[in-house]
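Biologist: I should like to request a close look at a single part of the model shown below. Please begin with one position and then set it in the context of the rest of the chain.

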Amino acid sequence: MNTSLFELFKIGIGPSSSHTVGPMRAALRFVRSLETSGLLPRTGSIRVDLYGSLALTGLGHGTDRAIQLGLLGEAPDTVDPALVETELNAIRTTGTLYLLDLYEVPFTESQHLIFHRNQMYPDSAVPTHPNGMRFSAFDDAGALLSEEIFYSIGGGFILSGSEFEAQSTSSSVSSRTVPYPFRSAEELLSTAAAHNLTIAQLLLANEVALLSDANVAINRPPSAEPLPSEANPEQKIKASILSLWHTMQSCTARGIATEGILPGGLNVRRRAPRLANRLETEGSKDPLAPLDWVTVYAMAVNEENAAGGRVVTAPTNGAAGVIPALAHYYMRFVEDADEEGLIRYFLTAAAIGILYKENASISGAEVGCQGEVGVACSMAAGGLVAALNGTNAQIEHAAEIAMEHNLGMTCDPIGGLVQIPCIERNGMGAVKAINAARMAMHETGGHKISLDQIIATMYQTGLDMQSRYKETSLAGLALNIIEC
């Protein structure tokens with residue numbers, strides 16, 4: 001196992017984990033490398049080249065904005081969304097950008113941020129990942145000082161060109177040491193059974209072991225209360241999970257309270273406030289009101305995401321509404337729900353997400369929306385079973401059912417914006433996750449298709465899918481519904 005819960009669930013800003021969070025992290029990493037190597041004071045200009053899906057839908061996904069913020073020294077988990085426009089306007093009006101907020105360089109987007117819409121890879125001879133970007137630093141005479149290629153591989157994860165090549169050629173043995181490693185759902189179930197553990201208990205033990213890993217940062221909002229010094233490792237993990245949940249709650253509340261039109265030009269009106277108000281006044285008469293609330297919670301989060309607000313990547317921004325929607329459902333509508341059940345939910349959902357991340361993909365640009373909303377739906381379904389004290393076998397079954405009925409889902413956002421069909425799709429995915437959990441818990445026998453088989457099928461389906469249906473806005477709804 002290579003991935004931590006706190007790498008799957010990351011605090012960031014909208015609208016996209018692969019097109020906003022990832023590029024911001026790449027830009028920040030590049031300028032920090034210039035600083036470390038002593039090249040930052042010698043840098044006279046910066047050029048960023050974007051390829052593939054980043055070039056085709058980057059403007060709608062805020063890639064241009066994210067890269068400029070990263071060059072300024074901003075990070076997705078700490079940047080203040082309320083100050084973003086001020087920082088960007090300063091660059092545009094002055095034509096200058098301060099690298100790490102220290103060193104001034106000229107910066108005009110049309111000259112220094114280039115979208116290669118007809119090229120998929122920085123090096124077309126070596127097909128890699130469709131979210132490629134090249135950062136170049138030059139001295140005052142125009143000589144190249146440093147150059148680095150990055151790939152945004154989904155969920156806010158980034159790899160340099162050399163890291164991507166090493167990952168592709170190396171074996172799958174984990175470089176991290178955990179007490180209960182697993183590479184498949186079958187191994188996860190067998191290891192848990194051998195040690196008489198639930199999936200949540202197994203992952204908690206692994207997360208405790210990863211506390212000492214310098215590359216795993218427990219992602220906590222700036223306003224979070226500091227962890228108590230006397231807390232033991234398990235308490236620290238649980239407190240940090242609850243901190244992520246509180247960030248999700250705040251995002252949901254903002255989405256329900258904020259009315260208006262989403263940015264981007266499609267003139268999409270926020271619907272969560274109106275739906276929530278109707279449920280508050282009329283919902284008690286409707287036996288399906290809890291499912292309507294699930295839809296509201298999911299859409300509220302993704303409307304915030306579309307507006308560039310603070311969200312928790314779960315496992316991506318485009319699918320960020322599904323996991324919190326089911327957490328709200330559990331806490332509000334399930335009798336005897338408690339924080340321990342909530343923690344089981346997040347730990348188990350993360351274990352399922354790790355399987356997809358390490359054996360397939362969570363990138364819409366690589367495998368379509370089945371890798372985003374589909375994976376979130378699968379994670380949430382299994383997590384809900386755990387919260388309800390279901391068995392490990394029922395968890396695996398629920399996760400399998402959820403993905404089975406998301407197979408082949410395309411990623412074709414209209415206008416390259418994470419709005420249509422993305423916002424509604426989160427509501428649909430959340431409701432589907434509840435159905436999958438209920439079906440699995442009502443089943444007494446075994447099932448024919450395993451979670452490992454469905455993960456492999458999802459990945460192969462994504463690879464077979466035409467690239468124009470994978471976050472390029474070249475087909476599907478994006479092509480046939482030009483104006484809304």
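In which helix is the place of Gly382?

Modeller: The model is a predicted one, and the description that follows should be read in that light. The place of Gly382 is in helix H16, which covers residues 373–387. Gly382 counts as buried because its relative accessibility is 0%, and the limit for a buried residue is under 20%. Once the neighbours within four places in sequence are set aside, the contacts of Gly382 are with Thr348, Ile352, Ile395, Ala398 and Ala399. As a marker of distance, Met331 is 51 residues from Gly382 in sequence, and the two C-alpha atoms are 16 Å apart in space.

Another position, Ala456, belongs to helix H19 (residues 451–464). With a relative accessible area of 46%, Ala456 is partly exposed, because the range for that class runs between 20% and 50%. The C-alpha atoms of Ala456 and Val208 are 29 Å apart, for a separation of 248 residues in sequence.

From single residues the account may pass to whole elements. Helix H4 (residues 63–72) has nine of its ten residues buried, so it is largely enclosed by the rest of the structure. The buried residues of H4 include Asp64 and Gln68, alongside others such as Ile67, Leu69, Leu71 and Leu72. Just after H4 comes Gly73, which takes a positive phi of about 110°.

Strand E2 (residues 45–51) gives a similar account of burial: six of its seven residues are buried, so E2 too is largely enclosed by the rest of the structure. Two strands pair with E2. To strand E6 (residues 132–138), E2 is joined by six bridges, and the two run antiparallel; here Ile46 has Ala137 of E6 as its bridge partner. To strand E5 (residues 113–116), E2 is joined by four bridges, and the two run parallel; in this pairing Val48 stands opposite Leu113 of E5.

Charged side chains provide further links. The whole structure holds twelve salt bridges. One of them is formed by the side chains of Glu163 and Arg29, with an N to O distance of 2.8 Å. This pair links distant parts of the chain, since Glu163 is in helix H7 (residues 161–169) and Arg29 is in helix H2 (residues 17–36), 134 residues apart. Glu163 counts as partly exposed because its relative accessibility is 30%, and Arg29 is likewise partly exposed, with a relative accessible area of 32%.

A second group of salt bridges centres on Glu304. The side chains of Glu304 and Arg254 meet in a salt bridge with an N to O distance of 3.1 Å. Glu304 lies in helix H12 (residues 289–306) and Arg254 in helix H10 (residues 233–257), so this pair ties together parts 50 residues apart in sequence. The burial of the two partners can be stated separately: Glu304 is buried, with a relative accessible area of 7%, whereas Arg254 counts as partly exposed at 31% relative accessibility. Glu304 also forms a salt bridge with Arg270, where the closest N and O atoms are 3.0 Å apart. Arg270 lies in the loop between H10 and helix H11 (272–282), so its pairing with Glu304 of H12 ties together parts that are 34 residues apart in sequence. Glu304 and Arg270 are both buried. Through shared partners, the salt bridges join Arg254, Arg270 and Glu304 into one network.

H12, the helix that carries Glu304, also packs against another helix. Two packed helices are described by the angle between their axes and the distance between the axes. For H12 and helix H13 (residues 322–333), the angle is about 140° and the axes are 8 Å apart. The two helices are therefore oblique to each other, because the angle falls short of the range over 145 degrees that counts as roughly antiparallel. The crossing of H12 and H13 is right-handed. On the H12 side, the contact is made by Pro290, Trp293, Val294, Tyr297, Ala298 and Val301. On the H13 side, the contributing residues are Pro324, Ala325, Leu326, His328, Tyr329, Arg332 and Phe333. An α-helix has 3.6 residues a turn, so residues three or four places apart point the same way.

Definitions and conventions: Residues are numbered from 1 along each chain as its sequence is written. This is a predicted model: local features need pLDDT of at least 70, side-chain atom pairs count only at pLDDT 80 or more; totals for chains, interfaces and linings use all residues. Side-chain values use heavy atoms; hydrogens and water are left out. Buried means under 20% relative accessible area, exposed over 50%, partly exposed in between (1.4 Å probe, protein chains only). Contact means heavy atoms within 4.5 Å. A salt bridge is a side-chain nitrogen of Lys or Arg within 4 Å of a carboxyl oxygen of Asp or Glu. Two strands pair if DSSP finds at least two bridges between them. Axes are lines fitted to C-alpha atoms, for helices over the stretch in contact, and angles run from 0 to 180 degrees between N-to-C directions. Angles under 35 degrees count as roughly parallel, over 145 as roughly antiparallel, 65 to 115 as roughly perpendicular and the rest as oblique. A crossing is left-handed if the near helix is turned anticlockwise from the far one by less than a right angle, and right-handed if clockwise.
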